[in-house]
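Open the model in your viewer and keep the sequence panel beside it. The tour below moves from one selection to the next.

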Amino acid sequence: MGTSQLSRRTFLAAAGLAGLSVPLLNACGGSGSSDKNIEWWNIATTEPGKTLWRQAVQEFQAAHEGVTIKQNSMENDAYKSKMTAQTASGKLPDIFHTWGGGVLKQQVDAGLVRDITDDVASWINDLSPIARQAYQFDGKTYAVPYDIGMVGFWYNKAHFEKAKIEKPPATWGEFLEAVRKLKAAGITPIALAGKEKWPGHYYWAYLAIRVGGVAAVQEAAKTNDFTADPFVQAGRHLKELVDLQPFQNGFLGASYPSTNGQAALMGNGKTAMELMGQWAPNVQKEMGKGLGDDLGFFPFPAVEGGSGAVTEVFGGGGGNAIARDGSDTAIEFLKFFASVENDRKRVASGAYLPITKGAESAIKDPNLRTVWETLNKATGFQQYFDQAFPPAVGQEVNDQTAALIAGKATPEQVAQAVTRAAKGQ
Amino acid sequence: MTVSVRKSPPGSDAAAPPARQRRVRAGRRRLRERATIVGFLLPALALFAALVLVPILFALYTSLFRWGGFGWPDDFVGLENFVKLFKDEVFLGDLWRGFVLIALSVVVQLPFALAMAVLLNQNLRGRAFYRLLFFAPYVLSEVITGVLFTMIFAPDSGLADHIMDLIGLGDLGITWFASSDTVLITLFLVMTWKYFGFHMILYLAGLQSIPKDVLEAAAIDGAGPWQRFRHVTLPLLGPTIRISVFLSVIGAIQLFDLVWVTTAGGPVHASETMAVTMFQFGFKRYQVGYASAISVVMFLISFVFALFYQRYVLRRDLEGAVTSMRGRR
């Protein structure tokens, strides 16, 4: 009996030591990537992107002996969170998705992104200037776009007809009048995903652009002062709209892509309008039934007395950047991905707009053609505020417009709070 | 490693060795025992240090910097983050909302769980089924619960609104998660649905450890059902109740997933908790220094609460478990 007790103790002691060594051994792991092994983090989790991205990788691998591109696709918000953690570690994947603007600028300033100006100089100018702009700072290029688009009003033609609105509103006054008419006809005028905040910020941003022009926004971004007249005016105009109670019941808790969210309400014909980007028709179809020929598009109306032209647009796209240690092969892939052939495939799927000259003939949908034409004729371009500005400012814009829409903040308070956040940077 | 094998258990030694030798041998044995203890504790301690202590200390360190999460923090600002924190209306609101949720949990949710436990401790047909049914929500992940209830409380089309219509309260037009007036109470409903089963099971276990003869003796002495509950069951259930309050409070302080999925803290911060605010600043605004300050305050609140609660409330319950060593050695 005594012997067994002792051997048990010996065994346990040995087991204890073995247990100790496991974490130590694990700590020695880790892997590095070589020129041939490329890691690509992106947000292509839904169709048609999922298939298109995979196809592009396969074709590139077939044409380049020994190269493997490992894709890691994450949903939008998950991607942003994971990138936050990753940037803290100081090492980014070889190729990573970016929306450009303030976030990319911060990553560039932290020395995490490769300056690819010289590598892409021979072909980057073939891409549309609007598509390129979000990824270039001080004349240097840090990423290559694959998509570009803009925000505008998507509307249900049948509802407009029923409410006796002859033509899409061209001014803010006409727009408010249309909202009144829709309400009078018993139709919920606008779908809004209040829980997510970013769809709400489109209104404030576009109104500011219409009142003061893109120039006023860029001036504010430079001076960090958002208390100038266009921004306060934007809040007042937004308040005029909110006071009409144009949004669906319970909009403050609604999300954008869910079965009872903003896109589904539009797609199922429950509301007459939504202010959304070029991807809207796709999501409407995915979350709801889709409106087919009843769906129309009109640019954000002009504001009476505002100095911003109706041809100035607000939008953004998607691109891919290269990490500091990223290889030339990775840049080669970006060139391949941005080629006219690949661009045509993306555009033909109906979910992307062209970034190259020559791919526009692949646009089939008449609404998307309108969007593309508006974009192409644009006299000014402003990227989404929550991407263009540093994250702390962008989120404050979202938070504050959400408060304004919920009736918890005045236009003046919004402008002051955003300024405080910008100055605190 | 070698362990010298003792031939027979102590006490059965045929010829007792001289006292000095015995002392040396005892000392060696004790040393070996310690070495074994350390050997066993080391892996756990190493993991604990790497995964708990180091992050806590790092958060403490970064909370003193203005830091965006890139590279190493270098913009030292002292206690500025904390000063800003206690002027921030959202954070002060977080403290208030945390307090409200804790109060509701302790005053409403736990008594409800206790009542259900007492009920299901009776001889009731199908009580095993009910026990399982009430405990089941606890097994679901917070995210699934969140998604489920965003559907149930969806305006107009959700189940909750249909039920309100059926019982004739549809005209009240309650928008649940979508109004800053009702969001916190709706959230509390979901929390209760999810967690009361867990506390109920705790209480059931406690109830079953109460000796039947004590209750019988009380009955023979003429105590009514309420008196038996109030003066026998409740005091004997004390340790369980104290632990359940403790878990409930700590849970409410750290509440995150459920809020994030259902409301993301909205509308306009009306359901935001400290953890949600921390996430917003850390992962959305890239103000990691400020977010660290929030996490440090959260840690201190939990820590101080746990310390005081264990010292003053749980003291009697922990006696024997923690204090036994002092008596023996």
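pLDDT is the predictor's confidence in each residue, on a scale from 0 to 100. This is a predicted model, so colour it by that score before anything else.

**Stop 1: confidence**

Select residues 323-329 of chain B. pLDDT stays under 50 there, and the model has zero contacts for this stretch beyond four places in sequence. Now take the whole of chain B. Its pLDDT averages 86, and 91% of the residues score at least 70. Jump to residues 1-14 of chain B. Here too the pLDDT is below 50, but the stretch has 10 contacts in the model beyond near neighbours in sequence. The scores for the model are ipTM 0.78 and pTM 0.82.

**Stop 2: chain B as a whole**

Show chain B as a cartoon. How many helices and strands does chain B have? The count is 14 helices and zero strands. Reading along the sequence therefore gives α at each step of the pattern α-α-α-α-α-α-α-α-α-α-α-α-α-α, with helices and strands taken as DSSP runs.

Turn chain B along its principal axes. Its C-alpha atoms fill a box of roughly 95 × 75 × 30 Å. The radius of gyration is 27 Å, whereas a compact globule of 329 residues would have one near 20 Å. Buried residues account for 29% of the 329 residues in chain B. Of the chain B contacts between residues at least 6 apart in sequence, 67% join residues at least 24 apart.

**Stop 3: chain A as a whole**

Hide chain B and show chain A. Its secondary structure comes to 18 helices and 12 strands. Along the principal axes, the C-alpha trace of chain A spans about 95 × 60 × 45 Å. Of the 425 residues in chain A, 49% are buried. Among chain A contacts with a separation of 6 or more, 74% come from residues 24 or more positions apart.

**Stop 4: two domains**

Colour 37-149 + 316-382 of chain A as domain 1, and 152-314 + 384-423 as domain 2. The centres of domain 1 and domain 2 of chain A, taken over C-alpha atoms, are separated by 27 Å. Their contact takes 24 residues from domain 1 of chain A and 26 residues from domain 2 of chain A.

Which elements give two or more residues to the side of domain 1 of chain A that touches domain 2 of chain A? Select helix H4 (101-109), H15 and strand E12 (380-383) of chain A. The largest share of that side, six residues, comes from H15(A).

**Stop 5: the four-strand sheet**

Stay in chain A and find the open sheet with the order E8-E9-E7-E10. Its pairing is mixed. Why do E8 and E10 of chain A each have one side without a neighbour in the sheet? Strand E8 (188-190) and strand E10 (295-298) of chain A stand at the edges with a single partner strand each, so one side of each is left free of a neighbour in the sheet. The twist from one strand to the next averages 20°.

Zoom in on strand E7 (residues 152-156) and strand E9 (residues 271-276) of chain A. They run antiparallel and are joined by four bridges. Label Tyr155(A): opposite this residue stands Met273(A) in E9(A).

Finish on helix H15 (residues 366-376) of chain A. This helix packs on the sheet and touches E7 and E10 of chain A. The direction of H15 makes about 10° with that of E10(A).

How values were computed
Residues are numbered from 1 along each chain as its sequence is written. Chains are lettered from A and ligands numbered from 1 in the order in which they are written. This is a predicted model: local features need pLDDT of at least 70, side-chain atom pairs count only at pLDDT 80 or more; totals for chains, interfaces and linings use all residues. Two strands pair if DSSP finds at least two bridges between them. Axes are lines fitted to C-alpha atoms, for helices over the stretch in contact, and angles run from 0 to 180 degrees between N-to-C directions. Two residues are in contact if their C-beta atoms, placed from the backbone, lie within 7 Å. The radius of gyration is taken over C-alpha atoms; the globule rule is 2.2 Å times the number of residues to the power 0.38. A residue is buried if 20 or more other C-beta atoms lie within 10 Å of its own, exposed if 12 or fewer, and partly exposed in between; C-beta atoms are placed from the backbone. Domain bounds come from an automatic or database domain assignment.
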